[in-house]
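User: Hello! I would like a close look at one part of this model, with its surroundings filled in around it.

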Amino acid sequence: MSTGYEEAKKRYEKLGIDTEKVIETLKNVPISLHCWQGDDVTGFDHDGPLTGGIQTTGNYPGRATTYEELMSDLDMAMSLMPGAKKINLHASYAIFEDGEFADRDELLPKHFSRWVSFAKERSLGIDFNPTFFSHDMVKDGLTLTSPDEDVRRFWIDHGKACLRIAEYFAKETKNECVMNIWIPDGYKDIPGDRLGPRLRYKDSLEQILSYPYDKKLVKVCVESKVFGIGYESYTVGSSEFTLGFAASHEGVIPLMDNGHYHPTEVVSDKISSLLCFYDEIALHITRPVRWDSDHVVLFDDETKELAKEIIRCDGLNRIHMALDYFDASINRIAAWAIGYRSLSKALLAAMLIPHELEKELQDNGRMTELMILQEKLKTYPFGDIWERYCEVCNVVDDDQFYDRIHDYEDRVLSKRSK
Ligand SMILES: [Mn+2]
């Protein structure tokens, strides 16, 4: 234990914060780790391009192109992440072997058995996402909202197949599975009918949820979006739609992705509102830069504010946290780990704030003192606590971080063809 940590611990103690307790708590808070950072949202079930109004930019060498490579990269990335994890899979990451193939509407648990083994060997839970993009049955940019009943049926069946797989994950890993539904559906230009697609979306979701799944094992989320590339004028699954749907359907949780709002809106300000009305909420934590650009999460102001709200609202047991970004312009494993570590830092920093004192100052109108306290905390010796957290979790600190990335790049990534 460094003297830096001992000194820092004393300073936080004066604020009534027990850093040892904070470290022990944070260690067990799971953050769901998106598999799609490892291969630029490519998946294993199709050859076509990434569609759905999302884009991965960059061509850094060494992208994982097989499930073995992706799992190896995940292991490497997780070795750099302090604290608990779940893995977050998309349906497009089904693993087919011996020439076998099943389309999205006919996916079965067995197509994910290798992922289950991977998770069980590492004592990880699995979260899941149906994949409503990058597929020939996306017709005119539409899936669950299509006026073509064959298209809509295909995607409803996909949703049901995914519920069955999510239930399998939960049973096998003995850990609830958060299954998030996001569709890209919408229009590039001004629609002639906004209501029709939304009513079809509502009906499609209800049909999917009619599959008799165990609500204790599978937590279904609906994720909103404000727009996508090529869907600038209208997105069916808007914020109001998903909030309304979740509020009116038992067991459905709203999911907020902080890249899915207008650029001046912040999710940190929305969390407390939702917690007034929902037992549980879910977050996709990302970094939008002017639009839903899915930049790597950093230890920046909005990530810190988001984490503060989670802690202040006593939300660790009510808020499902998942990362969601994809950067192909830098080392992908570093991207994974930087994002996870940034969120961990933000949560750790948030747990080192005397929230009760801040509330008391606010409620007594002592806003000058509140501002002074908040500013004071910004230069507190947080770095020493972070280093101690990494040490306790047996992962490298920020000084040694790049060496590990470079070593893996040298040994493994540089030998790959892509
Ligand atoms: Mn998302």
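Which are the buried residues of helix α13 (residues 382-392)?

Analyst: Happy to help. This is a predicted model, in which local features need pLDDT of at least 70, side-chain atom pairs count only at pLDDT 80 or more, and totals for chains, interfaces and linings use all residues. Residues are numbered from 1 along each chain as its sequence is written.

The buried residues of α13 are Asp384, Ile385, Trp386, Arg388, Tyr389 and Cys390. Here a residue is buried if 20 or more other C-beta atoms, placed from the backbone, lie within 10 Å of its own, exposed if 12 or fewer do, and partly exposed in between. Helices are DSSP runs of H or I with at least four residues, strands are E runs of at least two, and both are numbered from the N terminus.

What do those residues pack against? Their partners are α1 (3-14), α2 (19-27) and α10, where contact requires C-beta atoms, placed from the backbone, to lie within 7 Å. Just after the helix, Asn394 takes a positive phi of about 60°.

Let us take the α10 partner in detail. The axes of α10 and α13 come within 10 Å and cross at roughly 120°. Axes are lines fitted to C-alpha atoms, for helices over the stretch in contact, and angles run from 0 to 180 degrees between N-to-C directions. The two helices are therefore oblique to each other; angles under 35 degrees count as roughly parallel, over 145 as roughly antiparallel, 65 to 115 as roughly perpendicular, and the rest as oblique. Their crossing is right-handed, a term for the near helix being turned clockwise from the far one by less than a right angle, with anticlockwise being left-handed. On the α10 side, Lys345, Leu348 and Ala349 meet Phe382, Ile385, Trp386 and Tyr389 of α13. The residues of this contact divide into six nonpolar, no polar and one charged. In that count, Ala, Val, Leu, Ile, Met, Phe, Trp, Tyr, Cys and Pro are nonpolar, Asp, Glu, Lys and Arg are charged, and the others, Gly among them, are polar.

Helix α10 (residues 332-351) also packs with helix α9 (residues 301-312), at an angle of about 50° and with axes 8 Å apart. This pair is therefore oblique, and α9 passes α10 in a right-handed crossing. From α9, the contact takes in Thr303, Lys304, Leu306, Ala307, Lys308, Ile310 and Ile311, which meet Ser342, Leu343, Ala346, Leu347, Ala349, Ala350 and Met351 in α10. These residues divide into 10 nonpolar, two polar and two charged. Ala349 is thus listed in the contact with α9 and in the one with α13.

Elsewhere in the chain, helix α5 (residues 149-173) and helix α6 (residues 195-209) have axes that come within 9 Å and cross at roughly 40°. That makes α5 oblique to α6, which α5 passes in a right-handed crossing. Residues of α5 including Trp155, Ile156 and Leu163 take part in this contact, and those of α6 include Ser204 and Ile208. The contact residues divide into four nonpolar, three polar and three charged.

As for the whole, the chain has 14 helices and 12 strands. Of its 418 residues, 47% count as buried. Among contacts between residues at least 6 apart in sequence, 81% join residues at least 24 apart. Along its principal axes, the C-alpha trace spans about 65 × 55 × 40 Å.

Note on methods: Two residues are in contact if their C-beta atoms, placed from the backbone, lie within 7 Å.
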